[in-house]
Structures are given as structure tokens and as C-alpha cells.
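Biologist: I'm new to this one, so could you pick a single part and take me through it closely? Start there, then work outwards to the rest.

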Amino acid sequence: MSGWTPHPRAWTGGPLAEAAWGLLGAAAVLAFVAIWVVAPAPASALLPFGVAAPELSPALSLVALAVAAAAWALRRRRPSRSAAVLALCAAALFAIPMAQLPSTVRRFDAAMATAGLVASDGVPAGDFGRAAPFRLRDLVLGVARGESAVRRGVAIAGSSPLALDVYARDGVRNAPLLVQIYGGAWQRGQPGDDEAFARYFASRGFVVAAIDYRHAPAARWPAQIDDVRAALAWLRTHAGELGADPARMVLVGRSAGAQLALVAAYQAGVPAVAGVVSLYGPVFLADGWREPPRPDPLDVRAILETYLGGTPDQMPDRYAAASPVTYVSSKVPPTLLVYGRRDHIVEVRFARQLEARLRQVSAPVVLLEIPWAEHAFDILPDGLSAQVALFYTERFLAGLPGLHERP
């Protein structure tokens, strides 16, 4: 017997047929997810795909290639041929962010150098935790975040019952203080959000204070900034008890929290800060209402009206007071702006306008536009954009004048 040829029915039924149809289903799912690497989400129900697809794309591209290879092995079945084509198309879409990564890194390196906000030799903080902007291993297994402890619900005195979470290594003294402000459309969220980011910087020698604020619609502007001011004032008084140096404070905010961080950092009369990081934060609130994104999956106008109590025509003073651009001057601290170019909640064009205003007054600023990223890209803390943002945030902090000088 020179060889074995399967019976024709082996290709029309049984385990091989089931495998072929299974591969087609897997390829269809991958193709659906891959579409959101390039297509904007038109509705809130689809926004998670728009956020997650590019962030997981390096791993999903490998999965799609594996499905394509398995389908090609069964190519005598029509479902397998269709599966191979679909999986290859998905892999090509998933490959787009990684194809954009090298040029993005070169552009970010140049932007940091041009602004003079890069760490020089001998930074006392020591070596960086991140040696590269992105590692596939960290996407799969998680970014190493070292050892740190957290104290939750540390009560502070203020206009409302507020509390904060404190992340720090045991025994830390006179460390730089990183104040983290969560996002959530000013309507939801808690200090425990973005814990991975806080633990990373705590393990690198910072004391991280994740603060709280009241939410709309029960509390409208300026309640939120009042709460942030109260938290900052408390931290300046009690920083030593937490192991932090209040003279070396940096604010980091996300989305709604980034708007609060920028206003607090830029306003005259608030405790001085060494720097501020805005991750996809609103900066021109009236323009954001008048020119909402298209598509607009979260209804930006409704969010702003809930926060500020009306439209820009009804509440012009509130919209101006809540807009970070109102407070731009040559005295504002160095600013890092990190935005997704595909953001359909807070469009990157507003960050570009803020960057231009800051440059006009010679205020240090770096704008990093991540080409493939949507709003809230770092909700996946080990994803592609989150790793890139973490890498450059660490270098921005290391380059801030005086932040790492020991008292």
C-alpha cells in the first residue's frame, strides 16, 4: 500500500468539517474586532472595541496569523479558505499600530529633546523601569510594577468628606509626590482607579496620592476643583507623614481628571507644582461643546452640560473658568500632553491648540500624539499605548528640573 487517501466524505463532514467551520467563526470574530483598529466607534456599546482593538493588536495579530495558518492547512474545505482570507485581513489590520510604532517613537524622542524635558545623565532616581516603549512580553504577562504598599481611604478635611489612597514603598522619606486624579466624565470613578500606574511609580521611589472629588450632577463645577484644591492643601501640610516632599509635587490626570489637574496646576494661588501630565484631558470646554466629535459615542454635549449646569451660552463664565487654556501663562509648570489621534471623546486638535498657546508664552510643553489610540487607551494598563505613555511619562518626570534633587 503506497499511501492513504481520505474518503471524500472526510472533507464534507466529521471532525475536519467542524474544525473548518470553527476556524471560520474565529476568523470572523477576529475580523470584526480588527475593524475597530481603523473605524471609529459610532455608539457607546462599540467604544470598548475601539479602545481595546489597537491596544491588544500586537498579540491579536499573532492569533490571527495562527488562525490563518490552521485554516490554510485545511484549505480543501471552502470554509477554511474563507477563514484564511478573513484571518489574514484581520492580521493586516492588527499590524497597523505596530507598523506605526517606530516612527511614533522617533517623533516622541525628538519632541522630548526639543522641549528640553528629558533626563540627563546622573538623574538621582536611578535607572528607568522601562527600557523600551513597548514589549510584547509585557502585553502578555503584564508590566513589572515592583513592590509597594497602599493605604486606602486616608481621610482629609475639606468642603466634603474626601479621602485619598496613598501608594509608597515601605520606609520611603522625602520622596517626590505624584498626585493622581481619575477620570470618568466628572460623574463616576474613585481613587482606586488606575492602580497599576500608581503602583509602578510608587515602586520607582515616588509617593503617589490618588485623590477624590465630588461627582456631577449632584455636585457641579466648581465643586470638583474645590475638592482638588483641598486635597492639594492637605497634602502640602501632611506630605511628611506620608514620606513625601511637598515641594516636589507633580499632578497626573486622565480625561476629566486631567482637566482638573491642568486647571489646578495652572491657576495662580494654588500650591506650586513641578509639572503636570494630561492624559487625553479636555482643555477648551466651550469649543468642545460647540464642535463635538463625529461620531460622538458618549454625547459630549450632555456630559459637559451635566458637569457645568448648562450650555456655553447659558454658562459662559463656568465654561471659561473650567477650561485650562484660560490660565495659560509663562509661569505654568512644564506640561506633558498625551492624546490619541483617533480620540472621539476629546479630540487631539484641542491639545494642539493648547500646545500652541503654551509655546507662545514660552512655557515648557510636550505633546505626544499616539496615532492608533482612542480615548481612555490606558484602561488596559499593559496595552500598547499604555506602555508607550508610561515610558515617556517616566522620562518626562525624570527630566523635570529639581524633581529628583534630594533635600
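Modeller: Let's start at S255, which sits in the loop between β5 (244–254) and α8 (256–266). Helices and strands here are DSSP runs, with H or I over at least four residues for a helix and E over at least two for a strand, numbered from the N terminus. Keep in mind that this is a predicted model: local features need pLDDT of at least 70, side-chain atom pairs count only at pLDDT 80 or more, and totals for chains, interfaces and linings use all residues. Residues are numbered from 1 along each chain as its sequence is written, and side-chain values use heavy atoms, with hydrogens and water left out.

Is S255 buried or exposed? S255 is buried, with a relative accessible area of 13%. (Buried means under 20% relative accessible area, exposed over 50%, and partly exposed in between, using a 1.4 Å probe and protein chains only.) Setting aside neighbours within four places in sequence, S255 is in contact with G183, L279, Y280, G281, P282 and H375; contact means heavy atoms within 4.5 Å. The backbone of S255 deserves a look too: its phi is near 55 degrees, a positive value in a residue other than glycine. For background, most residues other than glycine have a negative phi, and most peptide bonds are trans.

One of the contacts of S255 is Y280, and Y280 has a positive phi as well, near 50 degrees. You'll find Y280 in the loop between β6 (275–279) and α9. Y280 is buried, at a relative accessible area of 4%.

While we're on the backbone, there are cis peptide bonds to look at. A216 and P217 are joined by a cis bond with omega about 5 degrees, and P217 is in the loop between β4 (207–211) and α7 (223–242). The bond from R294 to P295 is cis too, with omega near -5 degrees. P295 belongs to the loop between α9 (285–290) and α10 (300–308).

Back to β5, the strand that comes before S255: β5 is among the elements that cover the buried residues of helix α6, along with β2 (162–168), β3 (175–181), β4 and α13. Seven of the nine residues of α6 (residues 195–203) are buried, so this helix is largely enclosed by the rest of the structure. Those buried residues are A196, F197, A198, Y200, F201, A202 and S203. After α6 comes G205, with a positive phi near 105 degrees.

Helix α13 leads us on to α3, since α13 (384–399) is also among the elements covering the buried residues of that helix. The others include α1 (14–35), α2 (47–55), α4 (78–115) and α5 (136–141). Helix α3 covers residues 57–73, which is 17 residues, and reaches 24 Å from its first C-alpha to its last, close to the 24 Å expected at 1.5 Å a residue. (That expected span is 1.5 Å times one less than the number of residues.) Its buried residues are S57, P58, L60, S61, A64, V67, A68 and A71. An α-helix has 3.6 residues a turn, so residues three or four places apart point the same way.

Within α3, take a closer look at S57. S57 counts as buried, at 0% relative accessibility. Leaving out neighbours within four places in sequence, S57 is in contact with F94, P97 and L384. S57 and M98 are 41 residues apart in sequence and 8.0 Å apart in space, C-alpha to C-alpha.

For a partly exposed residue, try R349. R349 is in helix α12 (residues 348–360) and has 25% relative accessibility. The C-alpha atoms of R349 and Y339 are separated by 9.6 Å, and these residues are 10 apart along the chain.

Now step back to the whole chain. There are 13 helices and eight strands. The radius of gyration is 24 Å, close to the 22 Å that the globule rule gives for 407 residues, so the chain is as compact as a globular protein of that length. (The radius is taken over C-alpha atoms, and the rule is 2.2 Å times the number of residues to the power 0.38.) Buried residues make up 54% of the 407. Of the contacts between residues at least 6 apart in sequence, 77% join residues at least 24 apart.
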